[in-house]
Each structure stands twice: as C-alpha cells, then as structure tokens.
Amino acid sequence: MRILLVCTLFFSIILNSQNSDDEFNDRKIDSSEVEVFQKTAIFTLGVFQPIINDDSNIGKGANGNLSFKLGGQLFVYKRFFVGGFFNSTYLDITDISFTGKYKRSYVTTSYLQFGYEFSVSKKLSFAASIAPIGYADYRNYIKKNRVNQQHDSAKVLIYETYLSYDVSDRFSIFIDYSYRTDTTNIRTAPEIQSNFSKIKYHNFGIGLKFTINNGNFFSNL
Amino acid sequence: MNRMAKFKGLLLLFILFLLQCEVPFENNARLLIKGQIVDENNQPISNSQINVFVRRDENFLYNSDPSNEDSGVLLGGTTSDIDGTFSLITLLGKDEDFVIEVYGGEDFSKYMYRTNTETYIPDDYLIDLETISLPKKAFFEFNIIRSSPAGTELQYNFNYTSIPCLEVYEDGVLNEVETACYKQMNRGRFLDDERPDASGDFLSFLGANVIFTYSINDQPEVVEVLTIDDINFEFNFNY
C-alpha cells in the first residue's frame, strides 16, 4: 500500500510536468541556454546485484540474486532532485540456522530520495543522493509452490551514487552503487536481537535512464 | 451456468482447503530455543537431535523412528555441541501443538516439550529448556518361576520409572496434569495354579530403582529395591 502511494504520488507529479514539454519543443534555444541545466525528470530502469554484509543473521544466512529497480527523479531546483523508487530484491536462504527455516525472500522496497547531480562533462553526469524515507517488506517463502509465507518489515536508509553517460538526448546508461541499511521490526530474544535489528547491503547496478529535458520542474509551473 | 457455479464452488473449497493446510506464522518474529542435554550422570550428550514442529502428535515419544516427519511441519532442527548445549532460531509458527523434540540417540530416553503458541508467545521470544536429562535407557527383564508345591500363590508388583518425558506448558507455566515425565508405573499380577509363572520386560533407565513388592499366600508383603545397573538388566525370582 505504501509502495503504491509513493509511486502514484511521484509519477503523477512527473507526468504533470510533461504537459509543458510541448511548449519546450516549440521554444527557440539560443546559445546562452546551452549552459542552463535542462533536465526536468529522469525515469530509471535498472538491475543490481545486492551483496549483504555478514554482520547480521540475514547477511550470514542469505545470498542476494540479481534484482531490479525502477523509479524516477524530479529536478526541483537547479540540479537538486527528488526521487521515488521501487525495487525488488531477491534473496536465497543458504543457512537456515541463522535465519529460521525458509527458502527465499522477495524484498520489495519503496523509497523517497533527495540528491544532486553534477555534470562531469557534456555527456557524463554523476549524482549522489540519500533516501531517508523508505519501507521494505520481506516476504519469506517457507515452501516452494505454496502460499505459505511469513513477512518481516523494515525501515530503509539508502545512500546512492550513479554515473550516467548520455547516449542520446533522452537516453543514458548508468552504473550505480548504493549502501543500504534496513532497520527491521523483527522481535526476538535479547541475546540475538542485535543480529536481526539491521541488515546492510552493498548494491552494484547498471541500467537505462530516460530523461525529460525541460528545465527545472518548479520553474515550469 | 450451472457448471460454472459448480466450478466456482469447487475452486472455493480448494482454496479453503489450502488455507487450512497452511501454518500461520507470526510476522516480524524469530524464536530462540536453547538448552543443554545431559545424561543420568550429568555428562553432556553431544550430537543429540533437536527438532521443532507445529501440528505434531506425540508419536515421537513412542515411535522407534524418531526422524519420522509424517506428522507436523518442521520449523527447524539442530544438534547439540560437544558440551551438550544447543541453540536454534526458528520462525514462530502459531499452533496449539508447538513441539520441541530432543533425541539423544538409541541409547537414551526421549524428551518432548509442548505448548500452545496460538494463545501464547514465549516471553522475550525465548524458550530456554535449561538442562534436559536424557537418562540412558535400560531394559528390565523379569522371570518369575514357581518352584514351590502346587497351590502356592504369589501377588507381585514392580514399581518403576518410565522413560519418555513429555512436558506440557501453558502460558509459560508447567501443566502438571498433562505433563508425563518419568512417571512412576506399576506392573504386577496374581499368580496361582492356573498361571504359576510370569515373564516380561519394561523400559526404565540406568541407575533407576525398581521396587519389587510381593506376597506369598497372603503373607505380609516383602519389598525389595532393585537398582538397574546394566542396560539389559535381568531379574529372576523363584517362589
């Protein structure tokens, strides 16, 4: 529900911004505007490999598989952006003595990020962001092909950077790295509580970005 | 239309059946189960098997195959370390038959812990079984033979400690009515001309005392205390 809410809110804002896109196309671009940051929004689709720190029981007992994410960024002031993302992380349970007995976890995460994008060169951009508001749902599948599952939930904090290369006016490819900390709601015995309280990830990703170039969102309102 | 209605009904029944089969689990919860396994001399038993089930019957205590998983849903299992200690992390299955089974091997007695997790979540998500004693099993075999003249009658009884241990907890408190742990059992009968001899066996544990009480021809009872000092203890008695 929270995932849906964040995504809906974010994409409705971005789609609204496209209404002024036609006006942009009709505009004359003079040389002075070349230096002006033109991005309004970026849509992202990517895959990533999660590597879990082994300082938690989930980290010791699970392995990450290739996962995916999608979302968008809205440039609100100059190069500052707000992003809304949804990702799905796949974990195989390799040692149930650390986690409890289940086979795999699908972790769906939605988060809101704030960041800044730098231009490294004409086609190369670098961005750094923090996502202080996020929510993750761990669906733990106990048996294959059955509906039997158990859920864990967590609050998410993500620090992320990416490097993107423009392959055309609207499309770019990117690599990214993020460090993610999930503060879980798992309750257990005091002597092992700290082993379940936080789950930390290093995520290495690659993907495609689609850019809407129309200047800052608020300057177009 | 009628066929469609039947199909929908069957589908609904099937879904209900599936849901009924599923064990509900407590979200955002892990249970820690720990303890130490020792024998009758307080010596640690390593490699004891500890399994946690829901929807489990009590056959484990009486079944010769302890690994039998025909009944119940296994939540996790582990073995005890060299010092007899163990700890096990499981999901918290919600069921009225939440069971922890401890099996020390063929030579030892068995232990079962049972509670209802539908209505009770263990304090601090911890079940500490502390020290579980699995005394070494011993077969007590007896032969009673009449060597006296016909007409001599014997009333005898063996009072012994039985080996399976089932502890039942309700809301974290031992239910002494339902608990059946190393219960005192009696086995005896009356022997006369029709049946002058008797033989049989029962399971107890090494080091346990068996109280043998008998009376010949309604004379005052005689009590003998027999200590089982061998895993195949044989007791012969003539009267």
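How many salt bridges does the structure hold over all chains? Keep that question in mind as you read; the reply comes in point 2.

1. A word before we start: this is a predicted model. Chain A is a good place to get your bearings. Its secondary structure comes to five helices and eight strands. Read from the N terminus on, the elements of chain A follow the order α-α-β-α-β-β-α-β-β-β-β-α-β. Chain A has 221 residues, and buried residues make up 48% of them.

2. Now for the opening question: there are 14 salt bridges over all chains. Side chains of opposite charge can pair when their charged atoms come close. One of the pairs is Lys200(A) with Asp55(A), whose side chains meet at 3.4 Å, N to O. Lys200(A) sits in strand E8 (residues 198-213) of chain A and Asp55(A) in the loop between E1 and helix H3 (57-61), so this pair ties together parts that are 145 residues apart in sequence. Both partners are partly exposed: Lys200(A) has a relative accessible area of 22%, and Asp55(A) has one of 41%.

3. Next, please look at Asp152(A) and Arg30(B). They form a salt bridge in which the closest N and O atoms are 2.7 Å apart. Asp152(A) belongs to strand E6 of chain A and Arg30(B) to strand E1 of chain B, so the pair joins two chains. Are these partners buried or exposed? Asp152(A) is buried, with a relative accessible area of 3%, and Arg30(B) also counts as buried, at 0%.

4. Another pair is made by Glu191(A) and Lys34(B), whose side chains meet in a salt bridge of 3.0 Å, N to O. This pair too crosses between chains, running from helix H5 (residues 190-197) of chain A to strand E1 of chain B. Here the partners are partly exposed: Glu191(A) is at 46% relative accessibility, while Lys34(B) has a relative accessible area of 22%.

5. Charged residues can also be linked in groups, as Lys69(A), Glu160(A) and Asp176(A) are in a network of salt bridges. Keep these three names handy, as they return in the next two points.

6. A search of the whole structure finds two cavities of 30 Å³ or more. The largest has a volume of about 60 Å³. Its lining includes Lys69(A), Glu160(A) and Asp176(A), along with Phe48(A), Tyr111(A), Arg180(A) and others. Which strand gives the most to this lining? E7(A) does, with three residues. Strands E6 (149-166) and E7 (171-184) of chain A each supply at least two residues. By class, the lining of the largest cavity divides into three nonpolar, three polar and four charged residues.

7. The second largest cavity has a volume of about 30 Å³. Among the residues that line it are Lys69(A), Glu160(A) and Asp176(A), and also Thr44(A), Gln73(A) and Tyr162(A). Strand E2 (62-77) and E6 of chain A each supply at least two residues here. This lining divides into two nonpolar, three polar and four charged residues.

8. In chain B, have a look at the second largest pocket, with a volume of about 410 Å³. It is lined by 19 residues, and Leu61(B), Tyr62(B), Ile163(B), Pro164(B) and Leu203(B) lie nearest its centre. Helix H2 (59-62) and strand E10 (165-170) of chain B are the elements that give two or more residues to the lining. That lining has 11 nonpolar, four polar and four charged residues.

9. On the surface of chain A, a nonpolar patch of about 690 Å² is made by eight side chains you can pick out by name: Val47(A), Leu66(A), Phe118(A), Val120(A), Phe126(A), Leu163(A), Ile175(A) and Ile206(A). Val47(A) lies in strand E1 (residues 39-52) and is partly exposed, with a relative accessible area of 35%.

10. Finally, two loop residues of chain B deserve a check of their backbone angles. Asn47(B) has a positive phi, near 60°, in a residue other than glycine. It is found in the loop between strands E1 (25-38) and E2 (49-54) and is exposed, at 59% relative accessible area. Tyr125(B), also not a glycine, has a positive phi of about 55°. Tyr125(B) is in the loop between strands E6 (110-115) and E7 (126-133), but it counts as buried, at 11% relative accessibility.

Definitions and conventions:
Residues numbered from 1 in each chain as written. Chains lettered and ligands numbered in written order. Predicted model: local features only at pLDDT ≥ 70, side-chain atom pairs only at ≥ 80, totals over all residues. Heavy atoms only, no water. Patch = residues over 30% accessible without salt bridge, like charges linked within 9 Å, V, L, I, M, F, W, Y side chains within 5 Å. Areas by Shrake-Rupley, 256 points an atom, 1.4 Å probe, with all protein chains shown as cover. Salt bridge = Lys/Arg side-chain N within 4 Å of Asp/Glu carboxyl O. Helix = DSSP H or I, 4+ residues; strand = E, 2+ residues; numbered from the N terminus. Buried < 20%, exposed > 50% of the residue type's maximum accessible area, 1.4 Å probe, protein only. 1 Å grid on protein atoms, 1.4 Å probe; cavity = no way out; pocket = protein on both sides within 12 Å on 5 of 7 lines; lining within 4 Å. Points joined across faces, edges and corners; volume = space filled by probe spheres on them. Nonpolar A, V, L, I, M, F, W, Y, C, P; charged D, E, K, R; others polar.
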